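Good morning, and thank you for joining this group meeting. I shall present one structure, beginning with the chain as a whole and then turning to individual places in it.

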Amino acid sequence: MRDIGRSRRATNVSLVPGSVAASPRQATPAQKSAGDLAGYQDLNLRCCFSGCRNPGPYAEQPIMNVLNPENPIMYCNEHQSIFGDPAEAATLQIELQYMVNLRQITRLGSGRIDPFLPYPIKLTPRVRRFIDHLFGNIRRNTVWYREAVFPLGTSGEASFHQILSNMALYLRLSRSLDNSGYIIRDEMKYELTEEVAHQAKVYRLVNNMIATKEGASEDAIGAVAALTCYAHVSQDMRALTIHMGALRRMVELRGGIETLDSNKFLRISCYWIEVNVCCTQDSRPVWPVPIQWYPPRAPLPSDVVLPPGAQRILTAWKQRRILHQQPDFVQDEEILQVFDEMARFSIHTADEERRTASAIYENPDFTGTFVNIFLWHLLRAQPVSEELDSNTTLREAVRLGLLLFLACVKRRFGLYPVTFTIHIEKLVAVLSLDQMVWQGFQHLKIWIIAVGLLEAIDESHVGSLAGEWVKTLKEEGIEDESEAEVIMKEIMWIESIHGLRYKEVRERFWGSETEHSSIPLTT
């Protein structure tokens with residue numbers, strides 16, 4: 001019998017996907033460590049980045065292959081900047097190694113993919129890789145996506161293809177985040193081919209369902225819901241408006257959102273998608289909270305103490321309302337209640353972070369129970385009229401401040417996209433109104449401006465908010481930046497989230513702590 005192993009050893013063919021086959025002219029380990037690439041010059045090089053067909057040029061130094069050290073990993077210069085770090089390269093190889101392990105499973109149940117789950121399409125090795133990514137611990141695994149969104153795609157072919165397209169997008173997104181969770185836009189342009197391929201099948205399948213009067217089926221609604229999610233994360237606002245409108249129309253034709261209550265994952269996904277889309281647009285959600293699975297209000301433990309600064313603000317607000325006999329009690333009560341709950345939530349989250357060693361940020365139930373509930377109530381509390389009096393203006397400023405506080409929280413939980421440009425624009429406009437009365441709420445104003453500065457990107461918005469910040473601190477006689485930070489922490493603050501971002505913003509505006517020990521009082 002022919003010795004296949006001897007034949008392979010003679011030609012030195014690697015079974016590891018993405019690795020460069022060795023040749024007799026390959027450099028020795030000593031030459032590799034010295035950076036001598038003389039043995040590689042005649043090789044037919046191929047970039048290991050998925051889908052790359054770039055003929056070169058290639059990076060000067062190959063990366064050690066942790067799975068097969070004799071066969072180094074090569075990247076073209078374009079992708080070397082992304083995966084050139086050895087740790088990133090090793091992580092990518094772990095994903096690739098799954099392709100080899102598929103044929104090595106010898107015991108039922110030893111893999112991470114459920115062998116008995118009926119999938120709507122035939123699973124290719126590439127599709128299995130996407131599914132495996134959900135159930136593994138590889139590269140910023142999105143637990144909420146796995147538990148709340150992925151089951152949505154198992155009910156039909158169209159929705160499953162779009163879930164796979166979304167999964168490819170999230171893999172691309174995970175490689176495009178900096179250490180603070182902010183998206184590096186230039187690195188979001190890779191690996192579009194696979195996403196588009198799945199989407200093309202989705203459009204064909206959904207159009208066929210509409211033509212056969214199945215446009216209101218759960219599979220069609222799930223596919224359009226996933227399309228909406230894709231457009232939202234990719235920030236295609238035109239497609240987002242079209243898909244969100246189509247999703248609401250399909251649910252309406254079906255008989256209302258209540259008709260989806262029998263499908264837990266579809267109902268929850270529609271709720272999550274609408275709330276987050278409305279958050280980006282600062283518009284009112286149409287569908288109610290699915291109270292079968294989520295409480296209508298945040299279920300905070302009774303022993304969570306309200307921060308002292310928040311307590312003083314709530315007391316002052318209630319006294320002001322009684323003193324001036326404000327007629328809009330209902331609107332005030334809603335904002336006051338959300339403010340109270342979110343202040344307690346900041347304490348509760350910090351406690352849970354310590355208790356779980358930050359694992360709480362990977363809990364989708366915690367996200368749905370608190371973050372999305374707060375967003376839903378705050379978006380529903382928008383002023384119904386464009387004419388704002390002094391009390392309505394104060395309430396709107398607080399509403400926007402609470403939403404901006406949740407922006408950093410959303411980013412920490414991985415609830416992308418985190419787009420609050422509209423809210424910053426509205427906050428700048430509200431703070432510039434003449435009828436704005438802050439007497440008794442100066443510390444609240446400092447906190448609102450601070451959370452606005454954490455999210456402001458446009459230079460004009462940053463300049464307006466920084467001017468208000470300096471002006472307000474001067475009026476309050478605050479010169480030490482640590483005093484301002486204490487004020488914010490006593491109202492509503494999560495140090496590991498807002499504290500880190502505040503330090504970055506402070507250094508950007510006023511330099512390092514060693515250079516500036518106090519906040520300047522003039523711009």
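Among the contacts in the protein chain with a separation of 6 or more, what share is accounted for by residues 24 or more positions apart? Such residues account for 70% of those contacts, where contact means heavy atoms within 4.5 Å.

Before going further, I should state that this is a predicted model, in which local features need pLDDT of at least 70 and side-chain atom pairs count only at pLDDT 80 or more, while totals for chains, interfaces and linings use all residues. Residues are numbered from 1 along each chain as its sequence is written, and side-chain values use heavy atoms, with hydrogens and water left out.

The secondary structure of the protein chain comes to 20 helices and zero strands. Helices (H or I, at least four residues) and strands (E, at least two) are DSSP runs, numbered from the N terminus. The chain has 523 residues, and 52% of them are buried. For accessibility, buried means under 20% relative accessible area, exposed over 50%, and partly exposed in between, with a 1.4 Å probe and protein chains only.

Let us turn to helix α13, which covers residues 329-356. Glu 341 lies in this helix, and it counts as buried because its relative accessibility is 8%. What joins the side chains of Glu 341 and Arg 297? It is a polar contact of 3.3 Å. A polar contact is a pair of N or O atoms within 3.5 Å; within protein, one must be able to donate a hydrogen and the other to accept it, and residues adjacent in sequence count only if both atoms are side-chain atoms. Once neighbours within four places in sequence are set aside, Glu 341 is in contact with Arg 297, Ala 298, Leu 300 and Phe 374.

Helix α13 also holds Glu 352. At 13% relative accessibility, Glu 352 is likewise classed as buried. Not counting residues up to four places away in sequence, Glu 352 touches Ile 360 and Phe 366. Asp 351 lies in α13 too, but with 33% relative accessibility it counts as partly exposed. Asp 351 and Ile 494 are 143 residues apart along the chain, and their C-alpha atoms are separated by 10.0 Å.

After α13 comes a loop, between α13 and α14 (364-380), in which Ala 357 lies. Ala 357 has a positive phi of about 55° although it is not a glycine. Is Ala 357 buried or exposed? At 66% relative accessibility, it counts as exposed. A second positive phi, near 60°, belongs to Gln 235, also a residue other than glycine. Gln 235 is placed in the loop between α9 (218-233) and α10 (237-254), and its 22% relative accessibility makes it partly exposed.

One further backbone feature deserves mention. The peptide bond from Tyr 416 to Pro 417 is cis, with omega near 0°. Pro 417 is found in the loop between α15 (390-413) and α16.

I now come to the packing of helices. Two packed helices are described by the angle between their axes and the distance between the axes. Axes are lines fitted to C-alpha atoms, for helices over the stretch in contact, and angles run from 0 to 180 degrees between N-to-C directions.

Helix α17 (residues 442-455) and α18 pack at about 155°, with axes 10 Å apart. Therefore α17 is roughly antiparallel to α18; angles under 35 degrees count as roughly parallel, over 145 as roughly antiparallel, 65 to 115 as roughly perpendicular and the rest as oblique. The residues making this contact include Ile 446 and Leu 453 of α17, and Leu 465 and Trp 469 of α18.

Helix α16 (residues 421-431) and α18 also have axes 10 Å apart, but their angle is about 40°. That makes α16 oblique to α18. Among the residues in this contact are Ile 424 and Leu 431 of α16, together with His 461 and Leu 465 of α18.

Finally, consider Trp 469, which lies in helix α18 (residues 459-475). With 1% relative accessibility, Trp 469 counts as buried. Trp 469 and Trp 447 are 22 residues apart in sequence, and 9.5 Å apart in space from C-alpha to C-alpha.
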